[in-house]
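Q: I'd like a close look at one part of this protein, explained slowly, since I'm still learning to read structures. Could you walk me through it?

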Amino acid sequence: MNVDVNIYKLSDLYKNLSDYNRLKLLLLLLDGEKDSNEIADYLDVTRAIVVHQLMILKEAKFIGVNRIDKKNYYFLQPHILRVLKNDYSVVKKFKDKKKI
């Protein structure tokens, strides 16, 4: 039974990472905290789209929020930071090996 729970959690993790803009947003946050306007500018989408994606990621516990004055700054949760760094390095190594 415990294995099924872990498989479900892993499936949910990759489901949340499977959206291109959501993944691009998360990779942007590897560089540090950003507010929704910075994210929208980087992704070249409306702030409403960004807020929707941030809500999904926050609910999934992928990101956290620091509120400073009247602005929210979003950051990666440590467990997602580790996953992204690891997965990104694996993909990069795979891509580099294909060129050989």
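How are α2 and α4 placed with respect to each other: roughly parallel or roughly perpendicular?

A: Keep in mind that this is a predicted model. Let's start with your pair. The angle at which α2 and α4 pack is about 80°. An angle from 65 to 115 degrees counts as roughly perpendicular, and α2 and α4 are therefore roughly perpendicular to each other. Their axes lie 11 Å apart.

Now look at who meets whom. From α2, the residues at this meeting place are Arg22, Leu25 and Leu26. Facing them from α4 are Val50, Gln53, Leu54, Ile56 and Leu57.

Take Ile56 as an example. Ile56 sits in α4, and with a relative accessibility of 25% it counts as partly exposed. Leaving out residues up to four places away in sequence, Ile56 touches Asn16 and Arg22. Asn16 is 40 residues from Ile56 in sequence, yet their C-alpha atoms are 8.2 Å apart in space.

Leu26, on the α2 side, has a longer list of partners to go through. Again skipping residues up to four places away in sequence, Leu26 touches Leu17, Leu57, Phe62, Ile63, Leu76 and Leu84. Leu26 also belongs to the largest nonpolar core, which has 18 residues. Within that core, the residues that touch the most other members are Leu25, Leu26, Ile39, Phe62 and Ile63. Two or more core residues come from each of α1 (2-17), α2 (20-28), α3 (36-43), α4 (47-59), β3 (71-76) and α5 (78-99). Both helices of your pair are on that list.

Next, the neighbours. Helix α1 is made of 16 residues, and from its first C-alpha to its last it reaches 23 Å, close to the 22 Å expected at 1.5 Å a residue. Its buried residues are Leu13, Asn16 and Leu17. They sit on the same side of α1, because they cover an arc of only 105° around the axis. Asn16 is the residue we just met as a partner of Ile56, and Leu17 is one of those touched by Leu26. Turn to the other side of α1 and you find Val3, Asp4, Ile7, Tyr8 and Lys15, which are exposed.

Helix α3 can be read in a similar way. The residues buried here are Ser36, Ile39, Ala40 and Leu43. Seen down the axis, they fall within an arc of 100°, so they line one face of the helix. Among the elements covering these buried residues are α2, β1 (34-35), α4 and β3. Your two helices turn up here too.

Now for the loops around the pair. Between α2 and β1 there is a loop that holds Asp31. Asp31 counts as exposed, with 65% relative accessibility. Its C-alpha is separated by 9.2 Å from that of Phe75, which is 44 residues away along the chain.

The loop between α3 and α4 contains Asp44. Asp44 has a phi near 60°, a positive value in a residue other than glycine. With a relative accessible area of 69%, Asp44 is exposed.

After α4, look at the loop that runs between α4 and β2 (63-68), where you'll find Lys61. Lys61 also has a positive phi, near 65°, and is a residue other than glycine. Its relative accessible area is 58%, which makes Lys61 exposed. Ala60 has its place in the loop between α4 and β2 as well, but at 25% relative accessibility Ala60 counts as partly exposed. Between Ala60 and Leu13 there are 8.3 Å in space, C-alpha to C-alpha, although they are 47 residues apart in sequence.

Finally, step back to see where your pair fits. The chain has 5 helices and 3 strands, and along the sequence they follow the pattern α-α-β-α-α-β-β-α. Of its 100 residues, 25% count as buried. Looking at contacts with a separation of 6 or more, 50% are between residues 24 or more positions apart. Measure it with a box along the principal axes, and the C-alpha atoms fill roughly 45 × 45 × 20 Å. So when you rotate the model, begin with α2 and α4, which are roughly perpendicular, and work outwards from there.

How values were computed
Residues are numbered from 1 along each chain as its sequence is written. This is a predicted model: local features need pLDDT of at least 70, side-chain atom pairs count only at pLDDT 80 or more; totals for chains, interfaces and linings use all residues. Side-chain values use heavy atoms; hydrogens and water are left out. A nonpolar core is a set of buried Ala, Val, Leu, Ile, Met, Phe, Trp, Tyr and Cys residues joined through side-chain atoms within 4.5 Å. Buried means under 20% relative accessible area, exposed over 50%, partly exposed in between (1.4 Å probe, protein chains only). Helices (H or I, at least four residues) and strands (E, at least two) are DSSP runs, numbered from the N terminus. Contact means heavy atoms within 4.5 Å. The expected span of a helix is 1.5 Å times one less than its number of residues. The arc is that of the directions from the helix axis to the C-beta atoms. Axes are lines fitted to C-alpha atoms, for helices over the stretch in contact, and angles run from 0 to 180 degrees between N-to-C directions. Angles under 35 degrees count as roughly parallel, over 145 as roughly antiparallel, 65 to 115 as roughly perpendicular and the rest as oblique.
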